[in-house]
Structure formats: C-alpha cells, structure tokens
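This report describes the strand pairing and the charged side-chain contacts of one protein model. The sequence and structure are shown first, and the description follows.

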Amino acid sequence: MPEQPELTIQGWGPAGPSTTTETDDGLSSALPKAARRYLSKELGWSPRSTPPVAVADISLAPSRLPDEARARFVELLGEENVRTDRESRLRRAGGKSYLDLLRRREGDASDAPDAVVLPGTTEETAALLTACSELGVVVVPFGGGTSVVGGLAGVDPDDRPAVALDLGRMSSVQSLDIPSSLVTVGPGMRGPALEEELSRDGLTFGHLPQSWEFATLGGYAATRSAGQNSTGVGRFDELVTGLTLATPSGVLELGHPPATAAGPDLLGLALGSEGTLGVITELTLRVRPKPTSCSYEGWSFRSWPAGLAALQHLARHDLLPDIVRLSDQDETRANLLMASGTGARALRGTLKTRGHGDGCLLVLGWEGLPTLVRARMKAAASLLRDGGAIRLGRRVGESWKSHRFSAPYLRDKLMDAGLLVETLETAATWSKLPTVYDAVRRALRESLTRDGRRPLIMSHVSHGYPTGASLYVTVLADRDDDLPIQQWLTAKRAATDALLAAGGTLTHHHAVGADHRPWMEREVGPLGVEVLRAVKERLDPQGICNPGVLLPE
C-alpha cells in the first residue's frame with residue numbers, strides 16, 4: 001500500500017493550518033467579504049491575528065520509556081518500528097478537537113506519547129500488549145488521529161509511560177469475498193484507499209464521515225462512527241460483520257456472518273470500546289455494488305419545525321434518502337453568505353422571492369439503480385411538497401457534495417483569526433428532538449454570551465432513523481484569549497447537561513473519549529458502568545489499554 005498522508009500537528013489537512021500574520025488576507029481566501037461582515041456583526045468579534053506557535057517551539061518533555069521496555073519492543077517489532085523521535089511523538093499527540101488544537105497551537109504537547117510503536121500483525125500486537133502489561137506501559141491505539149472528544153489523551157491515573165500504537169502497517173485489504181459482499185481489511189486502512197481497492201471490482205463501502213480523508217477503519221469501529229451516507233447504508237457498526245481484537249489476555253475472534261443466535265453479541269461489545277479493551281487488528285465489512293445513479297438536490301422549508309415534521313413523515317413511510325441534511329435558519333443563513341459566485345446570489349434571490357428568505361435548507365442524496373432512485377425521489381418529493389417544501393434543484397446538492405469535507409480546513413483559518421470554533425452532537429426521538437434543540441441552544445447562548453458578545457449556534461440534522469434523528473451543532477464565538485480552554489469547557493458542560501436532561505443521547509457518533517466520560521454513568525447507568533469495568537478487568541487486568549477514556553474515574 002502507498003504511504004497515507006498524515007494530519008498536521010496543529011490543524012487539519014496535509015498542508016497544515018494558515019500561519020499568516022495578515023488575518024484579513026487569511027480569511028479572505030476562505031470567506032467572502034459579506035460572510036466576514038456578518039460574523040463580525042453577529043458575534044461582536046474583531047478579527048485579529050492569533051496564529052499557532054512555530055512547530056519548533058512546541059514544548060515536548062523527554063521520553064520516559066524505560067530502556068528495558070524499548071529493548072523489549074525492538075525485539076518484538078524491529079528497530080524501525082519503535083520510535084522516540086520528536087516528529088513521531090508530536091504527530092501522535094492528541095486528536096483534533098478544538099481543545100486539542102488550542103493546546104498544540106499554544107505550544108503544549110504534554111499529552112504526547114513517550115514512544116510510537118508500529119506492529120504489523122495481530123500476533124505482534126498481542127505480544128506487544130502482553131509486554132506492556134508486564135512492564136506497566138500504557139497503550140493508546142492511533143489510527144488517523146481525528147478524534148474530537150479527547151479519545152487519544154492517554155491520561156493514566158498512575159502516570160505510567162505511554163506509547164501510541166500506530167496502526168499504519170496494518171492498512172491493506174486481506175481478502176475480498178464478492179459473492180458474499182464481504183471484505184476483510186486492516187484497521188489502519190483509510191476510506192479513500194478502501195474505495196480505490198473496491199472500485200476495481202465495481203464495489204463500494206460508502207462510509208463517508210467528515211474525517212473520511214484521514215480517519216481509519218479501525219477508528220470507525222472503535223468509536224461506532226456514522227457517515228454522511230449512514231441514513232441509507234447504515235452506521236459503521238451496522239456494516240461490521242466480524243473483527244479481531246488483540247487484548248493483554250489473548251485474542252478474540254468475533255462475529256459470524258451472515259447471522260448467529262449463539263448468545264449475546266460480543267461483537268457489539270468490541271465496537272465502540274475506544275481502545276479500552278484492546279486493539280482491533282482486523283475487520284470484516286459489508287460492501288455493496290457501486291451505485292450507477294447518484295442524485296443530490298436541494299429543498300427549502302419556511303421553518304425548522306416544518307422541516308423536522310417533513311423528515312419525520314419521510315421516515316414513517318420508509319422514504320428517507322441515503323443522505324439527509326436539514327440546516328436550521330442560522331446555519332442556512334451562514335452557509336448562503338459563505339457561498340460565493342453568481343449561483344449563490346441567485347439562490348438567495350430565489351428564496352427571498354418565494355418567501356423562504358429566512359428558511360431552512362435541506363440537502364438530500366439518492367444513490368443506487370436508476371429506476372429505484374427515480375421512484376424514491378418521486379415518492380419523497382410528493383411528501384415534501386405536502387409539507388410546504390420548495391425544490392431548489394441539483395445545483396444546491398452538488399455544491400454541498402463538492403464541499404462536504406471542507407469544514408475542518410476552514411476551522412483552522414477561523415482559529416487563526418481569534419474565533420472559538422467547535423462542534424457537538426447528540427440524537428433524540430422525533431418527539432424529543434425539538435426540546436433537545438432548544439435546550440442546547442439556550443445553554444450555549446447563556447454560557448458564551450459576555451460583554452456584548454454572543455455566539456453563533458448553527459444546527460443540522462444529518463442522520464435519520466424511523467424513531468428519530470441526530471442533531472449536529474456548530475458553535476462560533478469570539479475567543480476568550482485569557483481563558484480559552486475554560487471558556488469552551490464551561491459551555492460544553494452546560495450544553496451536555498442540558499441535552500441529557502432534555503432526552504438526548506450523550507453522543508451520536510463522536511464517541512465518549514475523555515470529554516464525555518464524566519457523563520457516561522448517566523447514559524448507561526451505574527450497573528452498566530460496572531459491567532464494562534468487569535469486562536475490562538478480565539481482558540486488561542493491569543489497565544494499560546487507553547485508560548483515559550470511556551469509563552468514568
């Protein structure tokens with residue numbers, strides 16, 4: 001397999017974040033002038049240059065890996081697969097949440113591992129975990145480094161040395177069973193590489209989260225990821241038919257496609273375990289024929305409640321598309337202002353003329369055989385029009401498709417200009433979703449409004465189910481340059497308390513990590529936490545497997 005690109009140390013993407021000292025120039029390349037004016041007025045924000053420190057100035061403590069441990073690892077993996085150099089350690093220091101990036105931009109790499117190890121097989125991984133258990137070395141699995149909930153923090157209550165177990169050497173297709181629509185892959189493989197391999201046989205996997213360019217399949221499994229197409233093809237955990245889990249106590253082979261009734265589903269226990277039980281070393285996934293027809297289109301509703309009611313109607317009649325994205329008024333307004341060109345201006349004019357100037361944009365995507373796509377679109381269109389929607393055409397849908405992975409790149413430039421930029425997500429039943437939406441917005445607005453400055457809170461539904469939907473919230477605010485970390489921690493705590501009280505889930509697809517672990521007991525109950533602790537104690541008796549996430553302290 002060709003070498004896969006790595007994320008930059010202080011931002012998103014292989015090119016790295018903007019480090020310009022001319023703030024307006026940096027923003028003008030990413031945002032139209034009207035959008036910059038809108039954000040300044042809406043937030044009470046004065047753009048200013050707040051670039052990250054030079055990578056060379058990031059503080060990194062010396063490695064604490066004992067010589068005995070290093071020698072043991074070299075014996076197992078070879079010298080080239082045990083690394084303690086500065087570059088290797090910095091590139092695996094934490095994930096890509098707003099808080100992760102704040103620390104790295106300020107020159108803090110205190111969560112960097114003491115070493116990076118790269119096993120190439122299940123056997124090497126199992127032997128490495130056994131050695132780490134015996135030597136008292138913490139292990140944090142590392143795929144693409146895209147966690148946004150502190151999933152790579154590596155926090156250990158006993159402050160033991162820690163290694164990042166990089167999955168990059170296990171990143172190829174192991175087997176392809178075309179008649180059974182199954183592919184077996186290594187956990188370090190990324191979405192683009194898998195799609196390239198499958199396309200040679202006319203197949204696709206179709207799991208496309210916003211982190212698709214960099215995240216790994218093992219990371220998707222460990223966090224129970226959802227992708228932009230998940231309304232149609234299913235969440236990642238629904239697409240896994242088997243996996244291999246290496247633990248300090250041995251190796252588990254889980255899953256027996258097509259189905260089994262042999263007791264509780266242990267495969268489901270490994271999915272979403274976030275590296276706390278061991279390391280996923282192999283995955284068997286469901287694939288499907290590459291769609292021969294793809295259609296993406298835009299619609300508009302006059303209000304958020306009208307849009308939610310229409311989606312609920314589609315869900316009730318089993319007419320939800322493969323991709324669904326309903327933006328509220330604030331997100332719609334911001335997206336239209338951030339779009340440039342004559343097409344965007346024409347769309348704004350059309351919406352205003354037809355009484356949807358302050359409406360909600362809906363993007364739908366349909367994939368599959370041409371006859372089925374046309375039939376589904378026609379049936380859905382009838383229900384959407386009954387709900388008051390107007391069709392905006394395919395240009396809107398294609399525009400969304402062409403920019404579907406761009407938001408993290410824009411975040412870097414907004415952070416360079418002094419903004420707080422972060423997201424959170426949840427899910428709720430159709431009956432509770434409006435209450436959760438209102439509660440989260442209220443909590444964020446109250447916690448981030450200060451001295452005449454207020455946040456911009458933008459929300460959208462991005463995954464639909466028969467029983468409810470997800471809610472994804474993006475927050476922009478003028479950053480508190482004195483206490484930026486505490487500013488977001490306060491807002492995040494208020495929003496999480498509010499969404500749980502209103503009936504939302506702790507997380508829909510970002511996972512628990514370190515950020516959500518204080519609330520884990522509220523999600524699964526005290527007995528549920530004890531069950532998870534008992535499983536961890538059996539598989540990881542020394543507690544070396546990613547101890548800083550998932551389970552409350």
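In this predicted model, helix 7 (residues 191-199) lies across strand 5, strand 6 (182-185) and strand 10. The helix runs at about 40 degrees to strand 5.

**The sheet**

The strands crossed by helix 7 belong to an open sheet of 5 strands, in the order 5-6-10-8-9 and with antiparallel pairing. Its edges are formed by strand 5 (173-177) and strand 9 (250-254), each of which pairs on one side only. On average, neighbouring strands of this sheet are turned by 10 degrees against each other, direction ignored.

At one edge, strand 5 and strand 6 pair in the antiparallel sense over 4 bridges. Leu-176 has Val-183 in strand 6 as its bridge partner. The two strands, 5 and 6, form a hairpin with 4 residues between them. Ser-181, located in the turn, has a positive phi of about 60 degrees.

Elsewhere in the sheet, strand 8 (residues 240-247) and strand 10 (residues 279-286) run antiparallel and are joined by 6 bridges. Gly-242 has Thr-284 in strand 10 as its bridge partner.

**Salt bridges**

The structure holds 30 salt bridges. Side chains of opposite charge can pair when their charged atoms come close. The table lists some of these pairs with the distance between their closest N and O atoms.

| Acidic residue | Basic residue | Closest N and O atoms |
|---|---|---|
| Glu-196 | Arg-200 | 3.9 Å |
| Asp-237 | Arg-224 | 3.2 Å |
| Asp-451 | Arg-450 | 4.0 Å |

Which parts of the structure does the pair of Asp-237 and Arg-224 tie together? Asp-237 lies in helix 10 (residues 236-239), whereas Arg-224 lies in the loop between helix 8 (217-223) and helix 9 (230-233), so the salt bridge ties together parts that are 13 residues apart in sequence. Asp-237 has a relative accessible area of 16% and is therefore buried, the cut-off being under 20%. Its partner Arg-224 counts as partly exposed, at 40% relative accessibility.

In the pair of Glu-196 and Arg-200, the arginine, Arg-200, is exposed, with a relative accessible area of 59%.

For the third pair, Asp-451 counts as exposed at 72% relative accessibility, while Arg-450 is partly exposed with a relative accessible area of 24%. Both residues belong to one network, in which salt bridges that share partners join Arg-48, Arg-450, Asp-451, Arg-453, Asp-478, Arg-479 and Asp-481.

Terms used
Residues numbered from 1 in each chain as written. Predicted model: local features only at pLDDT ≥ 70, side-chain atom pairs only at ≥ 80, totals over all residues. Heavy atoms only, no water. Pairing = 2+ DSSP bridges. Axes fitted to C-alpha atoms, helices over the stretch in contact; angles between N-to-C directions. Contact = heavy atoms within 4.5 Å. Salt bridge = Lys/Arg side-chain N within 4 Å of Asp/Glu carboxyl O. Buried < 20%, exposed > 50% of the residue type's maximum accessible area, 1.4 Å probe, protein only.
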